[in-house]
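Trainee: Could you go through this entry with me? I would like to see how each label is earned.

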Amino acid sequence: MSLVIENGTVYDPANGIDGEKMDIFIKDGKIVEEAKGKVIDATGLIVFPGGLDIHTHISGGKVNLGRLFRPEDHRKDPVPKTAVTRAGTGYSIPTTYVTGYRYATMGYTTVMEPAITPLSARHTHEELNDTPILDKAAYTLLGNNHFVMHYIKEGDRENLKNTIAWFLGASKGYAVKLVNPGGVENWKWGRDVESLDDPVDNYDVTPREVLAGLARANDEMGLPHPIHVHANNLGMPGNYETTIETINAVKDRIHLTHLQFQAYTGEGWKDFGSGMAEIAKLINRCDHVTCDMGQVLFDETTTMTADGPAQHHLYRLTGNKWINADVEMETGAGIVPYRYLERNPVNAVQWAIGLEVALMITDPWKVSLTTDHPNGGPFYHYPKIISWLMSKKERETTLGTIHKAAAARAILASLDREYSLYEIAVITRAATAKTLGLKGKGHLGIGADADLAIYRFSEDDIEGSFKRTVYTIKDGRIVVKNGEVVATPEGKTYWIDAGGELTDEDRQVFAKYYTMTLENYPVQAEYLPRGEAVRCGGI
Amino acid sequence: MVVLRPKVAFTIPVEAECISPDVFAARPAKELGKLEVLWGNKRKPLSQLFEIDPSGEEDEIVIEGDVSAVKHIGARMTTGLITIHGNAGMHLGTEMDGGRIVVHGDVGDWLGAEMKDGLIHVKGNTGNLAGAGYRGSKTGMAGGSIIIEGNAGDEVGELMCGGTIAVAGSLGTFAGTLMTGGTIVCLGALGGRAGAAMDGGTIIALTPPQLLPTFIPQGTDRPSHVGELLQQLKGNGLPLAEEQIGALFARYEGDISGKGKGEVFVRTG
């Protein structure tokens with residue numbers, strides 16, 4: 001099937017195209033030089049590559065636990081079926097189908113589930129398979145993994161890489177994810193780590209060693225994405241220092257995720273403020289660091305992370321219901337509902353810091369737009385965030401309605417920078433694809449996947465412009481037309497095939513301590529009917 | 001006044017949130033038939049299911065016939081009166097914030113769930129979870145009154161934080177579970193595990209119940225506020241005898257497995 005998109009105003013930062021009127025040709029799911037076929041008249045419309053979300057919790061054990069314990073969340077957002085879509089529910093933890101439809105309606109075509117435990121990876125992939133339209137991948141939690149910490153302690157770099165490769169293959173994961181390295185292991189004994197040099201109980205390693213070890217192994221293996229790091233002390237006042245230490249602890253590539261939650265000054269909640277000035281100064285100097293925003297919105301949501309101790313802290317702060325989970329040998333998890341309030345000084349400052357991440361890091365190629373869905377707020381709010389980034393006036397309007405702490409204890413109010421459409425295309429498409437190492441995504445060059453989003457843009461209603469596309473095209477097929485889903489093809493799931501094999505010693509440990517036998521552990525190929533193995537530099 | 005008469009015997013459930021004085025008052029009488037209801041999974045105009053007979057101006061809706069398969073009647077209403085001559089379905093008057101509903105018949109589950117204000121008077125029996133909070137909610141009924149002349153099912157007043165539920169007949173198990181405020185009055189048999197995990201609020205039992213061991217007796221009295229409340233409920237149509245109103249009550253505090261700030265009054269003489 002071929003398509004011609006005529007006369008649109010194209011934004012394709014990866015190829016340096018900044019608002020040029022041009023035609024785009026699509027054939028067999030790819031962008032080609034010339035093709036004949038159905039013509040879409042894009043006169044007066046803007047054409048972007050399909051959006052990519054680098055960090056969104058949409059699938060797996062933890063997300064599903066969140067769904068199970070928040071019936072009140074679903075009740076406020078029922079979604080009826082249409083001729084082509086299934087029924088489901090929102091709101092902060094939407095059903096898999098609604099997740100696919102709503103992303104596609106916003107012009108997003110590729111999303112990354114950022115935390116799978118290998119032990120429940122099957123569940124993650126089952127849900128990803130049921131998330132229509134989108135291409136997907138998932139990051140494997142390795143920052144508190146028994147084998148990883150063991151080999152880092154031993155200084156056995158070859159076996160560390162071997163382990164990483166094996167776990168990525170066994171969980172069908174795409175990247176190495178660290179969540180509060182060492183802290184989640186300590187949480188199993190009722191403790192956390194407070195600094196990068198706090199010892200991890202029973203392993204005699206420190207978070208610093210885990211970070212540096214995994215970052216080095218990750219780059220030596222040539223994995224497409226850097227280590228994806230949810231740092232220590234997330235959500236704690238004064239944690240910007242931990243973040244800076246984390247950046248300095250590694251010499252290899254590192255992606256700091258939901259940086260907003262990691263950029264706080266202050267001794268406590270009373271003098272809580274923004275630490276983005278220091279962090280931005282450092283990131284602007286470093287070439288090995290990328291990040292995503294983790295913007296918060298004033299809305300009710302469900303926080304969920306593998307960071308058990310952080311969630312226990314939030315549970316103690318809010319008194320809301322709480323789920324805590326231990327995943328043997330691998331990680332933990334916590335879930336707490338949360339409402340960000342405009343009149344709450346801490347929430348107001350958090351809102352400002354999220355925007356500072358995007359506005360104070362000078363190179364947009366180092367930033368991706370996220371809310372850490374659903375932690376900062378549901379992904380449906382991305383258009384609102386784009387409007388804050390593109391318009392100082394929009395920011396001032398919000399600053400006028402929220403707690404004055406946002407103006408007093410953050411730098412945001414003094415920032416004049418406004419994103420252009422080109423830069424928005426960078427942080428929602430091109431930079432994200434580049435950071436992920438997905439060569440066929442995030443651009444419209446010849447040979448790229450034909451994933452496109454076509455919007456009707458109005459300066460006066462930036463949020464409305466990005467809320468729904470005029471067309472979303474996935475693999476050369478129209479999936480959304482005038483904001484309505486018209487087709488629901490299945491997307492691909494990328495995973496890293498880097499080989500790797502457990503040693504005899506590993507097998508013995510596995511047999512002794514896991515509740516599952518090794519034979520039943522790895523996710524079989526059948527679980528990824530549309531899986532796409534990515535081979536890497538390898539070991 | 002608008003009279004609604006079912007045109008069909010409902011065999012599948014109908015969702016009819018539009019049957020509310022607030023919605024009816026906002027439209028000219030001849031357009032009421034165009035209001036949408038869900039009949040199973042199909043959208044239908046109200047006129048296809050009901051004969052609609054407008055007469056007069058007052059914001060009263062009268063339903064004549066069996067609507068036990070019709071859900072959400074009077075949901076979120078804030079004013080006016082709904083009178084039902086027949087049985088009514090689930091979620092009657094949920095989240096209502098004012099006005100009155102009178103049912104000359106039985107009602108299904110979730111009657112007046114999460115209601116904030118207003119009065120619901122049921123002459124017959126009701127199902128489970130009257131005045132309760134929906135699954136996942138932190139609080140149930142917060143204000144207003146529910147008067148049930150017959151019996152009520154299980155988990156009545158679960159999570160309630162305000163208002164009054166008065167039942168002339170018996171209550172099922174777990175009445176007032178997790179309640180933090182408000183009052184439940186039961187003239188008949190109070191079911192097992194009443195007030196389990198309650199952190200506040202009051203349960204008044206005129207027939208001695210089997211309480212959980214986590215309720216601690218605090219002495220016997222003729223509390224004036226209990227008498228006043230019962231007198232008021234009698235005025236609202238609850239069939240109470242004078243000796244019940246002026247009775248002697250044993251007071252219990254509980255549930256001490258939690259905060260223990262709730263109280264249960266049990267008639268002793």
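Mentor: Happily; we will take the labels one at a time, bearing in mind that this is a predicted model.

Trainee: Let's start in chain B. Why is Arg100(B) called buried or exposed, whichever applies?

Mentor: Arg100(B) has 21 C-beta neighbours inside 10 Å. The cut-off for buried is 20 or more, so Arg100(B) counts as buried. This residue lies in strand β9 (residues 97–103) of chain B.

Trainee: What is Arg100(B) in contact with, leaving aside its neighbours within four places in sequence?

Mentor: Its partners are Leu81(B), Gly118(B) and Leu119(B). A contact requires C-beta atoms within 7 Å. As for C-alpha atoms, those of Arg100(B) and Ile82(B) are separated by 6.4 Å, although the two residues are 18 apart along the chain.

Trainee: Over to chain A. What makes β17(A) and β19(A) a pair?

Mentor: Pairing needs at least two bridges, and these strands have six, in the antiparallel sense. Glu300(A), for example, has Arg339(A) in β19(A) as its bridge partner.

Trainee: Which strands of the open sheet are the edge strands, and what makes them so?

Mentor: The order is β17-β19-β18 (chain A), with antiparallel pairing. β17 (300–305) and β18 (323–327) of chain A each pair on one side only, and that makes them the edges. On average, neighbouring strands here are turned by 15° against each other, direction ignored.

Trainee: Which helix lies across these strands?

Mentor: That is α11 (residues 308–318) of chain A, which runs at about 30° to β19(A).

Trainee: And how many residues does each chain bring to the contact between A and B?

Mentor: Four come from chain A and four from chain B. On chain A's side, one is nonpolar, none is polar and three are charged.

Definitions and conventions. Residues numbered from 1 in each chain as written. Chains lettered and ligands numbered in written order. Predicted model: local features only at pLDDT ≥ 70, side-chain atom pairs only at ≥ 80, totals over all residues. Contact = placed C-beta atoms within 7 Å. Nonpolar A, V, L, I, M, F, W, Y, C, P; charged D, E, K, R; others polar. Helix = DSSP H or I, 4+ residues; strand = E, 2+ residues; numbered from the N terminus. Axes fitted to C-alpha atoms, helices over the stretch in contact; angles between N-to-C directions. Buried ≥ 20, exposed ≤ 12 C-beta atoms within 10 Å, placed from the backbone.
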